[in-house]
Amino acid sequence: MDFNLTKEQELLRDGLSKFLSSRYDLQSSRSAAKLGAGWQPEIWRGFADELGILGATLPEEAGGIGGGPVEAMVIAETLGHALVVEPFVDTVVVAGGLLHRAGTEGAQTLLEDLVAGAAVVALAATEPASGDNWRDVATTARRDGDDWVLNGTKIMAVSAPLATHLLVTARTSGERGDADGISLFLVDLGTAAGGFTAHHYRTVDDRRASDLTFDGLRLAGDALLGEEGRAWPSLDLARDEGAAAVCAEAVGGMRKVLADTVEYCTQRQQFGQPIGTFQALQHRMVDMHMEVEQAAAAVYLAVLNLDAEPAARAKAVSAAKATVGRAARFVGQNAVQLHGGMGMTEELAIGHYFKRLTAMQYEFGSTDYHVTRYAELTRPRSR
C-alpha cells in the first residue's frame, strides 16, 4: 500500500495550508459560527476561485479537476487541522458525489454551480426513528400528475441552514427498511414555497443543522434524481465517502491537538520544571501519538478501498470509523486533561477541537454502528 502523495497532491495540501494559515483565523471563525451566519462565505468563495478545491474531486465536465478519494482525504485532513466549519464534506464529497452519479441534466447544472461556489448543497437523510439506518425511510413522495408531493420529517440535516439546495431521501415504493424503493429528490430552497418548514440550530461543535418537515411540498417532475426507487446504492456509497472524509478531517484535528498539547507541556511549569519532563505525562503523549498514527493508517485503508466492491468498501470504512472514533475520544479527552481546567475555555483552541472530535464520532454512523457493521461483514458464514 503506497502512503506517499504525488507532487500534485502535495501542492494541493500545501496551497490549502498556506491559504488557511493566512486567511482563516480561529477567533473570526468561531465568531461567525456562534453569532453570525454560521460560516464565512468569503472563505467559501476563496475555496472556489483562488484554490479550486470545490472541484478538486469532481469531474472535468462539471468544471472540476477530476481528482478522487485521495484528493478528498488531503483536503479534509487539512481543513480538520484548521478546524474549518465550511461544509466541504457535506457539499462537495457527499452531495457532489450524489449529483454526479444521478446523471440528470438538472444535477449536472447544479454540480457546475457547486464547483463555482455559487451553490451549497446538503443531504437530508436522517429521520427521527431511523437512527444510523439510512434505509429506514418513512418520508414519502407520491406522483400527482407531472409533479411529486413530499411528506415526512428529517432531522439533523447538517449544513442545511447554509444550503441553497437540499437532497432529500423519500420512499416511492416498498416498506420501511428496504433498500429498494428509496428515491432521491432535489429541493431548490430559493423556489420552495408552502409545505415546507425548517428549524435551524447550532450544534455542539459550532456547525449548523436543521430539522425539516415536509407537508405536501410540491416538486416538479424533474426533481427526481436518477432512477425512481433505485437511489440506495448511490446513497450507500455517499455515506461511506462521507465517513472516510470525516475520518480524514478527524486525523487533521487530532494532529493539531497533539501538537498543541506537546507544546503546552513544554511550557507549563510545575515544581520548577516543565510538566513535559514528567515520565507519566510523556507516556500519555506517546499513547496519544500512537492513536493518531493508527487512525491515519486506517483512513488510508478506507480511502484506498472506496472504489472496491461494496462489501470490501464497507468493511474498510467501518474499520476506519471505529478506529478513528476510539482515537478521537482518547486524544481529545487526554488533551483536555493535560491542559487542565483551561482546556475547556472558549479562549483556548483545544476546547473547540475537543467538541469537534466528539461530534465526529457520530457523523455518518456512530462508532458503535460501525463496530457492529464490521462484525457483521467479517462474521463467518455458515455453509
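## Salt bridges, domains and core of a predicted model

D14 and R13 form a salt bridge, with 3.1 Å between the closest N and O atoms; the term denotes a side-chain nitrogen of Lys or Arg within 4 Å of a carboxyl oxygen of Asp or Glu. D14 is partly exposed, at a relative accessible area of 41%, and R13 is likewise partly exposed, at 32%. Here buried means under 20% relative accessible area, exposed means over 50%, and partly exposed lies in between, with a 1.4 Å probe and protein chains only.

The model is predicted: local features need pLDDT of at least 70, side-chain atom pairs count only at pLDDT 80 or more, and totals for chains, interfaces and linings use all residues. Residues are numbered from 1 along each chain as its sequence is written, and side-chain values use heavy atoms, with hydrogens and water left out.

The count of salt bridges comes to 22. One of them joins E241 to R101, with the closest N and O atoms 3.5 Å apart. This pair links distant parts of the chain, since E241 belongs to helix α7 and R101 to helix α5 (residues 88-102), 140 residues apart. Helices are DSSP runs of H or I with at least four residues, strands are E runs of at least two, and both are numbered from the N terminus. R101 is partly exposed, with a relative accessible area of 31%.

The side chains of E363 and R356 meet in another salt bridge, at 2.6 Å from N to O. In this pair E363 is buried, at 19% relative accessible area, and R356 is buried, at 4%. Both residues belong to a network of salt bridges that links D205, R207, E249, R356 and E363. Within the network, E249 forms a salt bridge with R207, where the closest N and O atoms are 3.1 Å apart.

The arrangement of domains comes next. The domain assignment gives domain 1 (7-119), domain 2 (123-230) and domain 3 (232-378), with bounds that come from an automatic or database assignment. The centres of domain 2 and domain 3, taken over C-alpha atoms, are separated by 30 Å. Their contact, defined by heavy atoms within 4.5 Å, takes 13 residues from domain 2 and 14 residues from domain 3. The area buried between domain 2 and domain 3 is about 1200 Å², and carbon and sulfur atoms give 63% of that area. Buried area is the accessible area (1.4 Å probe) that two parts lose on being put together, summed over both. On the side of domain 2, D132, W134 and D205 supply 49% of the area buried against domain 3, more than any other three residues. Two salt bridges are counted between domain 2 and domain 3.

UniProt, in an unreviewed entry, lists three features along the chain, of which the positions follow the numbering used here, the names are shortened, and the annotations may be inferred rather than shown by experiment. The feature "domain: Acyl-CoA dehydrogenase/oxidase N-terminal" is listed at residues 6-115, a span that is 69% helix and 0% strand, with its end C-alpha atoms 23 Å apart. The feature "domain: Acyl-CoA oxidase/dehydrogenase middle" is placed at residues 122-215; this span is 0% helix and 52% strand, and its end C-alpha atoms lie 20 Å apart. For "domain: Acyl-CoA dehydrogenase/oxidase C-terminal" the record gives residues 241-375, which are 76% helix and 3% strand, with 20 Å between the end C-alpha atoms.

In soluble globular proteins, nonpolar side chains tend to be buried together. The largest nonpolar core in this model has 115 residues, and those with the most contacts inside it are F47, L99, L123, L150, L167, F185 and M254. Such a core is a set of buried Ala, Val, Leu, Ile, Met, Phe, Trp, Tyr and Cys residues joined through side-chain atoms within 4.5 Å. Helix α7 (residues 232-267) provides the largest share of this core, 16 residues. Beyond its neighbours within four places in sequence, F185 is in contact with residues including W148, L150, L167, L219 and L224.

Helix α9 (residues 310-339) contains N334, and T323 is also found in helix α9. N334 counts as buried at 7% relative accessibility, and T323 counts as buried at 18%. Leaving out residues up to four places away in sequence, N334 touches R284 and M288. With neighbours within four places set aside, T323 is in contact with Q294, A295 and A298. The C-alpha atoms of T323 and E291 are 8.5 Å apart, while the two residues are separated by 32 residues along the chain.
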